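User: Could you take me on a close look at the sheet in this model and the helices around it, including the salt bridges? I'm in my first year, so please go step by step.

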Amino acid sequence: MKLQTIQNKIYEVRDQKVMLDFDLALLYGIETKYLKRAVRNNIKRFPPDFMFELTKQEYDSLRCNFSTLETGRGKYSKYLSYAFTEQGVAMLSAVLNSDKAIDVNISIMRAFVFIRHYALSHKDLTEKLKELENKYDKKFKDVYEALNYLLSKDELETKQSKRKRIGFK
């Protein structure tokens with residue numbers, strides 16, 4: 001399974017990286033209702049930090065991320081989706097006991113680890129860029145003020161030259 005395919009199915013909800021039940025069902029090659037049934041039958045294995053049900057607002061905001069869904073009778077689940085954290089996905093391998101589930105879970109765990117390493121390695125770079133930006137914004141503050149003064153001075157001069165002169169010439 002391609003790492004990129006899995007990474008595209010990881011969303012951020014409630015400040016957590018999660019995968020949604022219908023994406024997981026697709027990866028496992030089963031219907032979503034069977035995945036949900038297996039989870040409900042083993043609900044003790046899924047505490048709130050492993051899995052939670054999306055609210056209607058969360059689902060609607062994520063909906064634009066996973067393309068336009070068709071509406072109509074029988075097209076999609078009438079129940080809200082489950083969101084599984086990394087630990088919840090790992091627990092799914094115990095619930096869905098098949099070779100394919102084990103292989104898919106290994107790929108998913110690798111994707112989560114890759115994302116974590118990527119975020120940690122680029123956090124330092126982001127902080128350094130912010131420091132440089134603040135440093136140079138302070139240094140160029142005087143330059144920006146001078147440019148603004150010169151621009152406003154030119155505007156005043158053009159307004160005065162257009163004005164009809166009165167008095168002695």
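Analyst: Let's begin with a word we will need: a residue is called buried under 20% relative accessible area, exposed over 50%, and partly exposed in between. Please keep in mind that this is a predicted model.

Now to the sheet. Its 4 strands form an open sheet in the order 1-2-4-3, with antiparallel pairing. Strand 1 and strand 3 (51–53) stand at the edges with a single partner strand each, so one side of each has no neighbour in the sheet. On average, neighbouring strands here are turned by 45° against each other, direction ignored. As general background, strands of a sheet pair through backbone hydrogen bonds, either parallel or antiparallel.

How many bridges join strand 1 to strand 2? There are 4 bridges between strand 1 and strand 2 (residues 16–20), and the two run antiparallel. You can follow the pairing residue by residue: Tyr 11 stands opposite Val 18 in strand 2, and Glu 12 stands opposite Lys 17 in strand 2. The hairpin of strand 1 and strand 2 has 2 residues between the strands, and Arg 14 takes a positive phi near 55° in this hairpin.

Strand 2 also pairs with strand 4 (residues 82–84), in the antiparallel sense and over 2 bridges. Here Met 19 has Phe 84 in strand 4 as its bridge partner.

Next come the helices that lie across these strands. Helix 2 lies across strand 1, strand 2 and strand 4, and runs at about 60° to strand 2. Helix 3 lies across strand 3 and strand 4, at about 75° to strand 4.

That brings us to the salt bridges, of which the structure holds 5. One of them joins Asp 23 to Lys 9, with the closest N and O atoms 3.9 Å apart. Asp 23 lies in helix 2 (residues 21–28), while Lys 9 lies in the loop between helix 1 (3–7) and strand 1 (10–13), so this pair ties together parts that are 14 residues apart in sequence. Are these two residues buried or exposed? Asp 23 has 6% relative accessibility and therefore counts as buried; Lys 9 is buried as well, with a relative accessible area of 17%.

Helix 2 takes part in another salt bridge, between Lys 36 and Asp 21, whose closest N and O atoms are 3.3 Å apart. Lys 36 lies in helix 3 (residues 32–41) and Asp 21 in helix 2, so the pair ties together parts that are 15 residues apart in sequence. Both Lys 36 and Asp 21 are buried.

For a salt bridge inside one helix, look at Lys 56 and Asp 60, whose side chains meet at 3.3 Å, N to O. These residues are 4 apart in helix 4 (residues 56–63), so about one helical turn separates them. Now our opening definition pays off: Lys 56 has a relative accessible area of 48% and is partly exposed. Asp 60 is partly exposed too, because its relative accessible area is 36%.

Finally, turn to helix 5 (residues 86–95), whose buried residues are Glu 86, Gly 88, Val 89, Leu 92 and Val 95. Why do they lie on the same side of helix 5? Because they cover an arc of only 165° around the axis.

Note on methods:
Residues numbered from 1 in each chain as written. Predicted model: local features only at pLDDT ≥ 70, side-chain atom pairs only at ≥ 80, totals over all residues. Heavy atoms only, no water. Salt bridge = Lys/Arg side-chain N within 4 Å of Asp/Glu carboxyl O. Buried < 20%, exposed > 50% of the residue type's maximum accessible area, 1.4 Å probe, protein only. Pairing = 2+ DSSP bridges. Arc of directions from axis to C-beta. Axes fitted to C-alpha atoms, helices over the stretch in contact; angles between N-to-C directions. Contact = heavy atoms within 4.5 Å.
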